[in-house]
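Hello,

Here is the structure for you to look over. My notes on the cysteines and the sheet follow below.

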Amino acid sequence: MAVFTVNGVQVTPSKNQKLLRFLRDALHLTSVKDGCSQGACGACTVIIDGETCKACVPDTDSLMGKSVITVEGLAEREKEVYTFAYAEAGAVQCGFCIPGMVMCTKALLDKNPAPSKEEIRYALRNNYCRCTGYVKIIAAVKLAAQIRKTGVIPEKGETSWAAVSSGWTPEKGARNRPVSRRLLYGRNADRQPAPKQIPQGEGSLHRHRKGKGSARRGRRLNGGGRTGKKYYRPSAPGPVCVRSRRTADPLSGRRHCPGSR
């Protein structure tokens with residue numbers, strides 16, 4: 001049987017098995033998540049001899065003399081840095097993928113203390129997150145790199161992931177940095193103005209149909225699509241009218257909207 005170390009402790013598995021099963025079932029290191037058991041999602045990422053590896057791939061017999069590190073084996077200072085960075089950047093939602101992300105972050109920053117955005121994306125390419133768009137995770141890695149470089153963990157709330165994405169450093173500070181809508185709300189934020197609010201009963205709008213003379217009065221609101229309904233604001237104060245494309249007045253054959261003239 002192979003003999004190797006896990007978090008600095010020498011171990012000898014009783015049988016050949018996947019490293020993931022040995023870590024979780026025998027050593028009870030539950031930070032190593034079982035996401036797919038097929039080497040696809042990266043939730044079980046650990047560090048073996050300085051390189052990231054998915055624990056569900058190698059067998060324990062192939063690890064003779066190697067050193068395995070999980071989140072439980074990180075130094076207390078490293079735990080503080082990564083905990084602060086990921087929490088401050090808002091990168092954690094369900095949290096299932098975060099241990100694997102943290103191990104990839106550590107492996108990257110150990111080799112490259114000041115990675116670019118492209119290098120961070122490449123380092124995290126094998127780790128799937130089903131909750132986010134990776135923007136805040138990348139910001140968390142950048143913040144962790146800044147903290148490791150300066151050795152200073154900012155006060156809680158002193159910085160934000162948007163400021164880090166735009167070049168925040170502890171020397172500059174982030175309290176008074178302007179944050180663009182694009183950083184906060186995504187690529188198309190500036191192209192999507194806030195919806196216009198129409199007060200109840202304000203004004204009227206006459207709509208005409210070709211060849212049918214004057215039709216309904218009222219102001220059209222957002223709606224429709226696959227529901228088959230159109231919404232109109234009546235010209236006089238009253239409830240919002242709901243008109244259905246599929247139904248009509250059985251006597252006149254016209255669609256009827258209560259409250260509009």
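A disulfide here is a pair of cysteine sulfur atoms within 2.5 Å. Please keep in mind that this is a predicted model.

Cysteines first. By that rule, the model has zero disulfides. Why is Cys 97 not bonded? The closest cysteine sulfur, in Cys 129, is 3.8 Å from the sulfur of Cys 97, so the two are too far apart for a bond. Seen from the other side, Cys 129 is in no disulfide either, and the nearest cysteine sulfur to Cys 129 is that of Cys 97.

Are these two residues buried or exposed? Cys 97 has 9% relative accessibility and therefore counts as buried. Cys 129, at 10% relative accessibility, also counts as buried. The cut-off for buried is under 20%.

Now the sheet. Five strands make up an open sheet, with mixed pairing. The order is S2-S1-S5-S3-S4. At the edges sit S2 (9-11) and S4 (51-54), and each pairs on one side only. Neighbouring strands are turned by 35° against each other on average, direction ignored.

One pairing can be followed down to residues. S3 (residues 45-48) and S5 (residues 67-69) run antiparallel and are joined by two bridges. Ile 48 has Val 68 in S5 as a bridge partner. In general, strands of a sheet pair through backbone hydrogen bonds.

Last, a helix. H3 spans residues 98-111. This helix lies across S3, S4 and S5. Against S3, H3 runs at about 35°.

Best wishes

Methods: Residues numbered from 1 in each chain as written. Predicted model: local features only at pLDDT ≥ 70, side-chain atom pairs only at ≥ 80, totals over all residues. Heavy atoms only, no water. Pairing = 2+ DSSP bridges. Helix = DSSP H or I, 4+ residues; strand = E, 2+ residues; numbered from the N terminus. Axes fitted to C-alpha atoms, helices over the stretch in contact; angles between N-to-C directions. Contact = heavy atoms within 4.5 Å. Buried < 20%, exposed > 50% of the residue type's maximum accessible area, 1.4 Å probe, protein only.
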